[in-house]
Amino acid sequence: MTIDIASIRADTPACNALVHFNNAGAALSPACVTEAVIEHLRLEQRIGGYEAASAAEDAIANFYRAFARMLHCNSTEIAFAENATHAWNNVFMAIDFAAGDRILTGQSEYVSNYLSLLHLARRRGVIVEVIPNTADGLLDVEKLQAAIRDDVKLIAITHVPSQCGVIHPAAEVGRIARAHDILYLLDACQSAGQLALDVRTLDCDMLTGTGRKFLRGPRGTGFLYVRQESLSRLEPAWVDLHSANWLAPNDYSLRSDARRFENWECFVAGKIGLGVAVDYALNIGLSAIETRVAMLACQLREALGSLPGVQVHEHGQKLSGIVTFSKQGVAASQMQAQLQGLGINSSVTRTDNSQLDLVQRGLADLNRASVHYYNTDSEISRFSEAVASI
Ligand SMILES: Cc1ncc(COP(=O)(O)O)c(C=O)c1O
């Protein structure tokens, strides 16, 4: 399937005004997403928030249907979250950890997830073990396999790291977790919307993500997948009148679906908008998106790698839309600021958020350029010419 780039860019008004290579931070939303959010806010203004939610029942239900189609699961296995961090912590804190339980994670684990692991180690005495990456930056699956023992309660890894352009072998990790009946929590925050995801092949129990990145949804939105069969192993750390039913003065029951990890009040307009964003991606086709993002990122790596004094920091066959680079004599923050002055958005990946990865690889702060399918060859040329000129 080919992507009609002209029409996609026409749906994305900011494409004409700037070069947006910060899709791993927050992508540009298509107009239909922004319109859906504004339309619901206007409805709330006109008829009242609760009344608007009733009127928009189908658009709200679409959030669950859209994610179920995207992830190849049942809509009862999907929950809304206000961001990926909430989604991740809500399921992480639902696991019945005891002192001495081991948690296996990766060298590229997202900073906030890793801080939560450390926090639980401090509070409850769980043991966090980091599985190193191989020389090409991928989680070492053999070392993971070798670390499996009866005391491993959870494997938690990040699919596509935020600080580097690799794609970790999430499905191979899933096979190991399933073979040993270990809970597997996959952070798909940077992969959702740029890779075709299928929870059946990833074989994860829980998968989390955010709306604003490659899914092109509104800020303040996120999602969670929980495999139906795994729900009985997860007790929410806290409940409310939405996640639980109050049966009698001293009795309650938990919701029987993934929405036991939601709470009642939420950003309804954002939830509707994120459903529209997922539909938009599905209409284009996630395999087509994956192919185009990989192609553009490869072009960008080649263009940057050919510039004098510029080093690209990831190598390998299968890389994501995230490209990290540095230019000799130019601090990452200075490069980012000067690019922005030229109408080009990018970001900086910082060592203090990447103690296990950048610091251990002996790297300083890096520039990060992240492309999406709506970017073009000519934007890549403009970007690399700008980097050359700075
Ligand atoms: C890999 C990864 N996981 C989790 C997060 C956290 O997402 P959120 O800010 O929506 O909580 C990020 C954000 O950059 C990320 O890159």
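Student: Why is Ser243 called buried?

Tutor: In this predicted model, Ser243 has a relative accessible area of 1%, and buried means under 20%, so the value meets the definition and Ser243 counts as buried. Ser243 is placed in the loop between β8 (222–226) and β9 (244–248), and its C-alpha atom is separated by 6.4 Å from that of Phe261, a residue 18 positions away along the chain.

Student: What makes Tyr50 exposed, and where is Tyr50 placed?

Tutor: The relative accessible area of Tyr50 is 60%, and exposed means over 50%, so Tyr50 is classed as exposed. Its place is in helix α3, which spans residues 49–55. Tyr50 also belongs, with Leu241 and Trp264, to a nonpolar patch on the surface, and the three together have about 410 Å² of accessible area.

Student: How do you know that helix α5 is largely enclosed by the rest of the structure?

Tutor: The conclusion rests on a count, because 7 of the 9 residues of α5 (residues 84–92) are buried. The buried residues in α5 are Ala84, Ala87, Trp88, Asn89, Asn90, Val91 and Phe92.

Student: What makes the pair Asn83 and Thr85, at the start of α5, a polar contact?

Tutor: A side-chain oxygen of Asn83 reaches to within 3.1 Å of the backbone nitrogen of Thr85, and a polar contact requires N or O atoms within 3.5 Å, so on distance the pair satisfies the criterion.

Student: Which polar contacts with the ligand involve Ala84, Thr85 and Lys213?

Tutor: For Thr85, an N or O atom in the side chain is 2.5 Å from a ligand oxygen, and for Lys213 a side-chain N or O atom is 2.9 Å from an oxygen of the ligand. At Ala84 the partner is a polar backbone atom, 3.1 Å from a ligand oxygen. The ligand has 390 Å² of accessible area on its own, and the protein covers 91% of that.

Student: What makes up the shell around the ligand?

Tutor: The ligand is surrounded by 13 residues, and the closest are Thr85, Asp187, Thr210, Arg212 and Lys213. By class, the shell has 4 nonpolar, 6 polar and 3 charged residues.

Student: Why is the contact between Arg102 and Glu129 called a salt bridge?

Tutor: The side chains of Arg102 and Glu129 meet at 2.8 Å, N to O, and the rule asks for a side-chain nitrogen of Lys or Arg within 4 Å of a carboxyl oxygen of Asp or Glu, so the pair qualifies. Arg102 lies in strand β3 (residues 102–106) and Glu129 in strand β4 (residues 127–131), so the bridge ties together parts that are 27 residues apart in sequence. Arg102, at 3% relative accessibility, counts as buried, whereas Glu129, at 28%, counts as partly exposed.

Student: How do you know that the contact between Arg227 and Asp205 passes the same 4 Å rule for a salt bridge?

Tutor: The closest N and O atoms of Arg227 and Asp205 are 3.5 Å apart, and the limit is 4 Å, so this contact is counted as a salt bridge. Arg227 is in the loop between β8 and β9, and Asp205 is in the loop between α9 (199–202) and β7 (206–210), so this pair ties together parts 22 residues apart in sequence. Both are classed as buried, Arg227 at 15% relative accessibility and Asp205 at 1%.

Student: Why is Arg361 called partly exposed, and which residue forms a salt bridge with Arg361?

Tutor: Arg361 has 33% relative accessibility, and partly exposed covers what lies between the limits of 20% and 50%, so that is its class. The salt-bridge partner is Asp357, with closest N and O atoms 2.9 Å apart, and Asp357 counts as buried at 3%. Salt bridges that share partners also join Arg102, Glu129, Arg149 and Asp151 into one network.

Student: What makes the phi of His72 notable?

Tutor: Most residues other than glycine have a negative phi. His72 is not a glycine, yet its phi is positive, about 65°. His72 is placed in the loop between α4 (57–71) and β2 (78–81), and at 37% relative accessibility it counts as partly exposed. Asp181 likewise has a positive phi, of about 55°, without being a glycine, and its place is in the loop between α8 (170–179) and β6 (183–187).

Definitions and conventions:
Residues numbered from 1 in each chain as written. Predicted model: local features only at pLDDT ≥ 70, side-chain atom pairs only at ≥ 80, totals over all residues. Heavy atoms only, no water. Patch = residues over 30% accessible without salt bridge, like charges linked within 9 Å, V, L, I, M, F, W, Y side chains within 5 Å. Areas by Shrake-Rupley, 256 points an atom, 1.4 Å probe, with all protein chains shown as cover. Helix = DSSP H or I, 4+ residues; strand = E, 2+ residues; numbered from the N terminus. Buried < 20%, exposed > 50% of the residue type's maximum accessible area, 1.4 Å probe, protein only. Near = heavy atom within 4 Å. Polar contact = N/O pair within 3.5 Å; in protein donor to acceptor, adjacent residues only side chain to side chain. Nonpolar A, V, L, I, M, F, W, Y, C, P; charged D, E, K, R; others polar.
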